[in-house]
Amino acid sequence: MKNILVTGGAGFIGSNFINHILLEKRDDYNIVNLDKLTYAGNLENLRPSEGKKNYHFIKGDITNSDLVNYIFEKFKIKYVINFAAESHVDRSILGSEIFYRTNVIGTNVLLEAARRFEAEKFLQVSTDEVYGSLGEEGLFTEQTPLSPNSPYSSSKAAADMMVLAFHHTYGMPVVITRCSNNYGSYQFPEKLIPLMIINALHNKKLPVYGDGMNVRDWIYVIDHNKAIDLVFEKGRTGEVYNIGASNEMPNIKIVKLILNHLKKSDDLIQFVQDRPGHDRRYAINSYKIQNELGWKPTYTFESAIQQTIEWYLQNKNWWERIISGEYKNYYELQYKNR
Ligand code: NAD
Ligand code: DAU
């Protein structure tokens, strides 16, 4: 059995990873999911995994070193996949402290425990945002210098540097993945795609930042997780792997596509004050993972985005519970004066 500590497994990408990638086909994996259940963590996301004998959930904080050490000891952890993070750029602009606490200190706590218990692999789930912003030309490669612009991305970049330093100094067997923007089921409603779907369904204005021409490179969450799985199994120690599906799109195009799918009018679009420090364009070169490990995306944007919109239509209970709670306060704070 491989005893794997998966952190942040109750969030969007982590829960998808546990449900679809690990538990579907891996009886030789014993998964311990450590998640603080912040506003973004939701055990409903993990229904398919509940009750499986090779899955355990622990509610707790990755910054709690006593707890993390206890988990390593009790479950004889030899592998770590670190999804846990504060993940939303706009929230990091409203207040940065928790981002550095979780994303930097939390990663340090995990690395120290991994060092102490001689982990055989530490996979850090990072992001393309650590590279900063592109102009109209070019793509992020693994050699692109780190140049993060938001509190969120700077905290992720700090964690990446720390992970690589643990490899360099202690020979720790680490590997880092840097992926572009994900979409799919169970994504928290604060992010662009679910926010626009839900607002449109309520005939509420769709707040598009700036001129709507900021570009993101979209990948379906299952394709991201298949890549993580491959890097976890076969990635070379000390290496960084970019992950992306070569699917660049300006925000306004996605917003219009959602409105079109839901048969709603473009009049719902409202251009609002831009995000401070808003990165203009992200685009990933994923040649390395494709060439070295044989990964390639399997979903087309055209079909997976339709599937995603349909999922939100069919799972109103899931998001209605979220938007009727604390989320209302966040929405008010984030959008009222834009
Ligand atoms: P998310 O916000 O949906 O989920 C984060 C999870 O981490 C939640 O379950 C939350 O409860 C948990 N968590 C937060 N702080 C914690 C703490 N201190 N201790 C334990 N658990 C804690 O995020 P996501 O979109 O699923 O992103 C997962 C990871 O992937 C993050 O590291 C993020 O930086 C990275 N990433 C995300 C994207 C994207 O498009 N969403 C793209 C590339 C990389
Ligand atoms: O690139 C990977 C990153 O993608 C991840 O590391 C982050 O965790 C994830 O949140 C995401 O960051 P973005 O800032 O790109 O995602 P978000 O969904 O917040 O915004 C996508 C684009 O849409 C961005 O250009 C801002 C714009 N936007 C977003 C919201 C929420 C709007 O125009 N209006 C909005 O209301």
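The side chain of threonine 144 reaches the backbone nitrogen of threonine 141 at 2.9 Å, and this detail is a convenient place to enter the structure, which is a predicted model. Threonine 144 belongs to the loop that runs between β5 and α5. Leaving aside residues up to four places away in sequence, threonine 144 touches Tyr131 and Leu139.

The two elements on either side of that loop lead on to ligand 1, because β5 (121–127) and α5 (151–170) are both among the elements that, as DSSP runs numbered from the N terminus, give two or more residues to the shell around this ligand. Which element gives the most to the shell around ligand 1? That element is β5, with three residues. In total there are 28 residues around ligand 1, and of these Ile13, Asp35, Ser87, Tyr152 and Lys156 come nearest. When the residues of this shell are divided by class, 12 are nonpolar, 12 are polar and four are charged.

Several polar contacts can be followed from ligand 1 to the protein. An oxygen atom of the ligand is 2.6 Å from an N or O atom in the side chain of tyrosine 152, while a polar backbone atom of isoleucine 13 lies 2.8 Å from an oxygen atom of ligand 1. Glycine 11 also takes part through its backbone, with an N or O atom 2.9 Å from an oxygen atom of ligand 1. On its own ligand 1 has 830 Å² of accessible area, and the protein covers 97% of it. Besides β5 and α5, the elements that supply two or more residues to this shell are α1 (12–25) and β7 (181–183).

Ligand 2 can be approached in a similar way. There are 26 residues around ligand 2, of which Asp128, Glu129, Tyr152, Arg275 and Tyr335 come nearest, and Tyr152 is also listed among the residues that come nearest to ligand 1. The shell around ligand 2 has 11 nonpolar, eight polar and seven charged residues, and α3 (89–94), α6 (192–201) and β8 (206–209) each supply at least two residues to it.

The polar contacts of ligand 2 involve both backbone and side-chain atoms. A backbone N or O atom of serine 87 lies 2.7 Å from an oxygen atom of ligand 2, and in threonine 127 an N or O atom of the side chain is 2.7 Å from an oxygen atom of the ligand. For leucine 192, a backbone N or O atom lies 2.8 Å from an oxygen atom of ligand 2. Taken alone, ligand 2 exposes 690 Å², and the protein buries 95% of that area.

The last stop is a pair of helices. Two packed helices are described by the angle between their axes and the distance between the axes. Helix α10 (residues 301–314) packs against helix α11 (residues 316–323) at an angle of about 70°, with the axes 5 Å apart, and α10 and α11 are therefore roughly perpendicular to each other. Where they meet, α10 brings Trp311, Tyr312, Leu313 and Gln314, and α11 brings Lys316, Trp318 and Trp319. Sorted by class, this contact has five nonpolar residues, one polar residue and one charged residue.

Note on methods:
Residues numbered from 1 in each chain as written. Chains lettered and ligands numbered in written order. Predicted model: local features only at pLDDT ≥ 70, side-chain atom pairs only at ≥ 80, totals over all residues. Heavy atoms only, no water. Axes fitted to C-alpha atoms, helices over the stretch in contact; angles between N-to-C directions. Helix = DSSP H or I, 4+ residues; strand = E, 2+ residues; numbered from the N terminus. Parallel < 35°, antiparallel > 145°, perpendicular 65-115°, else oblique. Contact = heavy atoms within 4.5 Å. Nonpolar A, V, L, I, M, F, W, Y, C, P; charged D, E, K, R; others polar. Near = heavy atom within 4 Å. Polar contact = N/O pair within 3.5 Å; in protein donor to acceptor, adjacent residues only side chain to side chain. Areas by Shrake-Rupley, 256 points an atom, 1.4 Å probe, with all protein chains shown as cover.
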